Amino acid sequence: MKMIRLKMCVLLLFLMPLFMTIAQEKKVIIIDAGHGGKDSGAIGTNKVEEKVITLAIAKAMLALNKSMLDNKYDMYMTRYTDTLISLSHRTKLARVLKPDLFISIHCNHAPNKRATGIEVFLHRHTPSENPNQEESDRVATSIINELTQKLGYRSRGVKTANFQVLRETVQTCPTILVELGFLSNIDEADYLKNEKNINALALALLMSIKI
């Protein structure tokens, strides 16, 4: 009996590096649902709140990763409920988990009610030769292509900004901020209020990540 236990221990020690390698192969993604709590974000012409839309998309991505992708990614959210999480706490989570991608989800708003389309932001002051910025750009372009080709969105392109979640995260991991349509536009606001469209957006985002 002692000999069997010894053999089992030796076998486990032999296999442990293999198990660790397999576990390490799963990519980690943080989904940052913008706004929350008393910070509603933009409010649509149909009264839908940005914080509600961003959380719904984030939850849908989490659910689809489990149901359709068999937990391909190890996914975390910066908030799971309607709570206000500071930007510094959101970026701190990225520095702790060191994910393979940090994606911040938002909806747009403009004085011009005819403004439409999606845009993806990278950090403005990070050099393009930085590996995290290079990968951020690749994912951003993939998202633009996926959402325009599969869902018919109008592309406003990949842009740069000095948003805090980008600035404080890009040195740790590839980081993007996605603006998924204009709540100030009645058509896009109504589109984002529909549960089927939320799921379609979540799936398109997952399919476009490819990390």
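The following exercises, with worked solutions, concern charged and polar side chains in a predicted model.

Residues are numbered from 1 along each chain as its sequence is written. Because the model is predicted, local features need pLDDT of at least 70 and side-chain atom pairs count only at pLDDT 80 or more, while totals for chains, interfaces and linings use all residues; side-chain values use heavy atoms, with hydrogens and water left out.

**Exercise 1.** Determine how many salt bridges the model contains, and state where R90 and D32 lie.

*Solution.* Step 1: apply the criterion, namely a side-chain nitrogen of Lys or Arg within 4 Å of a carboxyl oxygen of Asp or Glu. The count comes to 6 salt bridges. One of them joins the side chains of R90 and D32, with an N to O distance of 2.6 Å.

Step 2: assign the elements, which are DSSP runs numbered from the N terminus (helices: H or I, at least four residues; strands: E, at least two). R90 belongs to helix α3 (residues 87–97) and D32 to strand β1 (residues 28–33), so the pair ties together parts that are 58 residues apart in sequence.

Step 3: classify the accessibility (buried, under 20% relative accessible area; exposed, over 50%; partly exposed, in between; 1.4 Å probe, protein chains only). R90 is buried at 3%, and D32 is buried at 2%.

**Exercise 2.** Describe the salt bridge between D82 and K51.

*Solution.* Step 1: the N to O distance between the two side chains is 3.1 Å. Step 2: D82 is in the loop between β2 (74–77) and α3, whereas K51 is in helix α2 (residues 50–67), 31 residues apart. Step 3: D82 is partly exposed, at 43% relative accessible area, while K51 is buried, at 10%.

**Exercise 3.** Identify the network of salt bridges to which E119 belongs.

*Solution.* Step 1: the side chains of R156 and E119 form a salt bridge of 3.3 Å, N to O. Step 2: R156 lies in strand β5 (residues 155–161) and E119 in strand β4 (residues 118–123), so this pair connects parts 37 residues apart in sequence. Step 3: R156 is partly exposed at 28%, and E119 is buried at 5%. Step 4: the network links E119, R156 and K159.

**Exercise 4.** Characterise the surroundings of H106.

*Solution.* Step 1: H106 is located in strand β3 (residues 101–108) and is buried, at 13% relative accessibility. Step 2: its side chain makes a polar contact of 3.4 Å with that of E50; such a contact is a pair of N or O atoms within 3.5 Å, where within protein one must be able to donate a hydrogen and the other to accept it, and residues adjacent in sequence count only if both atoms are side-chain atoms. Step 3: with contact taken as heavy atoms within 4.5 Å, and leaving aside neighbours within four places in sequence, H106 touches residues including G34, H35, T54 and L177.
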